[in-house]
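Ready for some practice? Take a look at the chain below, then work through the exercises one at a time.

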Amino acid sequence: MAERILVVDDSEATLEVIRRNLEKKSYVVLTATNVGDALKIIDNDHFDLVITDIKMPKVSGMELIRHIRENYRQLEVMTITGYPSVDNAVEAVKGGAEEYL
């Protein structure tokens with residue numbers, strides 16, 4: 001069975017690029033443009049990995065990471081951002097992200 005990945009980013013263009021590249025590698029990919037939608041998807045499906053942007057309107061990717069760590073400890077999380085900083089990297093990893101790109 002193919003691994004399942006949820007990608008969360010407020011940029012639909014970014015979601016499309018990531019989705020296409022992962023599907024070419026035979027992953028099953030679902031996408032969400034905000035944390036609220038992502039939570040609904042996670043609560044109703046199984047995933048092996050969540051890739052989330054950190055900076056998003058209203059609710060940040062850090063809130064999503066915290067929710068995953070509190071409720072789905074086995075679920076791996078990777079963060080992505082177009083605005084990298086050491087502080088964000090430290091916060092993401094301390095919050096439970098396995099990777100920060």
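## Warm-up

Right after helix 1 comes Ser-26, with a positive phi near 75°. Before going on, note that this is a predicted model, where local features need pLDDT of at least 70, side-chain atom pairs count only at pLDDT 80 or more, and totals for chains, interfaces and linings use all residues. Residues are numbered from 1 along each chain as its sequence is written, and side-chain values use heavy atoms, with hydrogens and water left out.

## Exercise 1: the overall layout

Work out which pattern the chain follows along the sequence.

Solution.
- Step 1: count the elements, taking helices (H or I, at least four residues) and strands (E, at least two) as DSSP runs numbered from the N terminus. There are four helices and five strands.
- Step 2: read along the sequence, and you get β-α-β-α-β-α-β-α-β.
- Step 3: check burial, where buried means under 20% relative accessible area, exposed over 50% and partly exposed in between (1.4 Å probe, protein chains only). Of the 101 residues in the chain, 39% are buried.
- Step 4: look at contacts, meaning heavy atoms within 4.5 Å. Among contacts with a separation of 6 or more, 60% come from residues 24 or more positions apart.

## Exercise 2: two sides of helix 1

Find which residues of helix 1 are buried and which are exposed on the other side.

Solution.
- Step 1: helix 1 covers residues 12-24, so to speak 13 residues, and reaches 18 Å from first C-alpha to last, close to the 18 Å expected at 1.5 Å a residue. The expected span is 1.5 Å times one less than the number of residues.
- Step 2: the buried residues in helix 1 are Leu-15, Ile-18 and Leu-22. They sit on the same side of helix 1 because they cover an arc of only 75° around the axis; the arc is that of the directions from the helix axis to the C-beta atoms.
- Step 3: here's the general idea: an α-helix has 3.6 residues a turn, so residues three or four places apart point the same way.
- Step 4: on the other side of helix 1, Glu-12, Ala-13 and Lys-24 are exposed.
- Step 5: the cover over the buried residues of helix 1 includes strand 1 (4-8), strand 2 (28-32), strand 3 (49-53) and strand 4 (76-80).

## Exercise 3: helix 2 and its cover

Say what covers the buried residues of helix 2.

Solution.
- Step 1: in helix 2 (residues 35-43), Val-35, Ala-38 and Ile-42 are buried. Their arc around the axis is only 55°, which puts them on the same side of helix 2.
- Step 2: their cover includes strand 1, strand 2, strand 3 and helix 3.
- Step 3: now pick Met-62, found in helix 3 (residues 61-71). Met-62 counts as buried because its relative accessibility is 4%.
- Step 4: Met-62 and Val-35 are 27 residues apart along the chain, and their C-alpha atoms are separated by 9.6 Å.

## Exercise 4: positive phi in the loops

Is Lys-58 buried or exposed?

Solution.
- Step 1: Lys-58 lies in the loop between strand 3 and helix 3. Its phi is near 70°, a positive value in a residue other than glycine.
- Step 2: Lys-58 counts as exposed because its relative accessibility is 89%.
- Step 3: go back to Ser-26, in the loop between helix 1 and strand 2. Ser-26 is exposed too, at a relative accessible area of 53%.
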